[in-house]
Amino acid sequence: MIDNETNRLSRLVALLTLLQTKRILTATELAHRFSVSTCTMYRDIRTLEQAGIPVVTQEGKGYAMLDGYRLPPVMFTREEDIALLTAEKLVARLTDAPTAQLSNAAMDKLRAALRRADRDHLETIDPHIQVLGPVGQTNRPNAYQPLVTAITAQRVVHLSYRAADADSPISRDVEPIGLSLSQYWHVVGRYSLSDGRYSARFGAARSGYQIPVWLGK
């Protein structure tokens, strides 16, 4: 009985966190996420509502937290702390300088919210986690944030780059729709005057590469 109540409490806390990070979630999605029945999720939602949490029901769509409502941050486990520390190191090594600075600022906020013992634990483990990036990818252009902004705003950007099999730079006006990382970062997008998809590597520091600039739509 105690174990069941503990599991339900943990699920309610996780449900609160999830509702603050997603726009709309259906009972089916929540039930799948927590491996319970939809009836159980209906009861959990009612429990939150009875506790004064402003969960908004959108007919035919699902549940969401009232816009602007925020709860104080929940406590992280040490395993979660280390996972976030690892993510910080991955961002620093595999993206660009502005994105790394944003990640560091976010981690500083996290560290400030941690208990002293957990902060000390992170400081102890920090030097033992290293991320070694691909060879030959130093001096990356600061393109990650502009491209992410262009994706979310559906803006057209101008790309100038050097293809692996070309001697001279290539210029394209592209509407980026996604970013992917394999050996290099790639931007996937559409030509501004066609519906065809287009993929261009922007991660390599090569002569002739220019940082994307806004063109407007």
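Two strands count as paired if DSSP finds at least two bridges between them. Keep that in mind for the first exercise, and remember throughout that you're looking at a predicted model.

**Exercise 1. Find out how strand β1 is joined to β2, and what the turn between them looks like.**

Step 1. Locate strand β1 at residues 55-58 and count its bridges to β2: there are four. The cut-off for pairing is at least two, so four bridges are enough.

Step 2. Check the direction: β1 and β2 run antiparallel.

Step 3. Pick one bridge to look at on screen. Gln58 has Gly62 in β2 as its bridge partner.

Step 4. Now look at what links the strands. Three residues sit between β1 and β2, which form a hairpin. In the turn, Gly60 has a positive phi of about 80 degrees.

**Exercise 2. Work out where the buried residues of α3 sit around the helix axis.**

Step 1. Start with the helix itself. α3 covers residues 38-50, 13 residues in all, and spans 18 Å from its first C-alpha to its last. That is close to the 18 Å expected at 1.5 Å a residue.

Step 2. List the buried residues: Thr40, Met41, Asp44, Ile45 and Leu48. Buried here means under 20% relative accessible area.

Step 3. Look at the spacing with one rule in hand. An α-helix has 3.6 residues a turn, so residues three or four places apart point the same way.

Step 4. Confirm it with the arc. The buried residues of α3 cover only 140 degrees around the axis, which puts them on the same side of the helix.

Step 5. See what comes after. Gly52 follows α3, and its phi is positive, near 95 degrees.

**Exercise 3. Name the elements that give two or more residues to the largest nonpolar core, and trace the contacts of Ile45.**

Step 1. The largest nonpolar core has 17 residues. The members that touch the most others are Leu15, Leu19, Leu30, Ile45, Leu48, Val55 and Tyr63.

Step 2. Sort the core by element. Two or more residues come from each of α1 (2-21), α2 (27-34), α3 and β2 (62-65). α1 is the top contributor, with five residues.

Step 3. Zoom in on Ile45. Leaving out residues up to four places away in sequence, Ile45 touches Leu15, Leu19, Leu30, Val55 and Tyr63.

Step 4. Don't stop there: a second, separate core has eight residues, including Leu147, Val157, Leu159 and Val174.

**Exercise 4. Is Arg11 buried or exposed, and which residues does it touch?**

Step 1. Find Arg11 in helix α1.

Step 2. Compare its relative accessible area, 14%, with the 20% cut-off: Arg11 is buried.

Step 3. Go through its neighbours. Not counting residues up to four places away in sequence, Arg11 touches Phe34, Val36, Thr40 and Asp44. Thr40 and Asp44 also turned up among the buried residues of α3.

**Exercise 5. Compare the two sides of α5 and say what covers the buried one.**

Step 1. α5 takes in residues 97-113, or 17 residues. It reaches 25 Å from first C-alpha to last, close to the expected 24 Å.

Step 2. Its buried residues are Thr99, Ala100, Ser103, Met107 and Leu110. Seen down the axis, they fall within an arc of 95 degrees, so they line one face of α5.

Step 3. Turn the helix around. Gln101, Leu102, Lys109 and Ala112 are exposed on the other side of α5.

Step 4. Identify the cover. The buried residues of α5 are covered by elements including α4 (78-94), α6 (116-125) and α7 (144-153).

**Exercise 6. Track down two residues other than glycine with a positive phi, and describe where they lie.**

Step 1. Recall the background. Most residues other than glycine have a negative phi.

Step 2. Take Ser35, with a phi near 55 degrees. Ser35 lies in the loop between α2 and α3 and is exposed, at a relative accessible area of 67%.

Step 3. Take Gln154, whose phi is positive at about 55 degrees. Gln154 lies in the loop between α7 and β3 (157-161).

Step 4. For contrast, look inside β3, where you'll find Ser160. Ser160 is buried, with a relative accessible area of 4%. Its C-alpha is 4.3 Å from that of Ser171, 11 residues away along the chain.

Technical notes: Residues numbered from 1 in each chain as written. Predicted model: local features only at pLDDT ≥ 70, side-chain atom pairs only at ≥ 80, totals over all residues. Heavy atoms only, no water. Expected span 1.5 Å × (residues − 1). Buried < 20%, exposed > 50% of the residue type's maximum accessible area, 1.4 Å probe, protein only. Arc of directions from axis to C-beta. Core = buried A, V, L, I, M, F, W, Y, C linked by side-chain atoms within 4.5 Å. Contact = heavy atoms within 4.5 Å.
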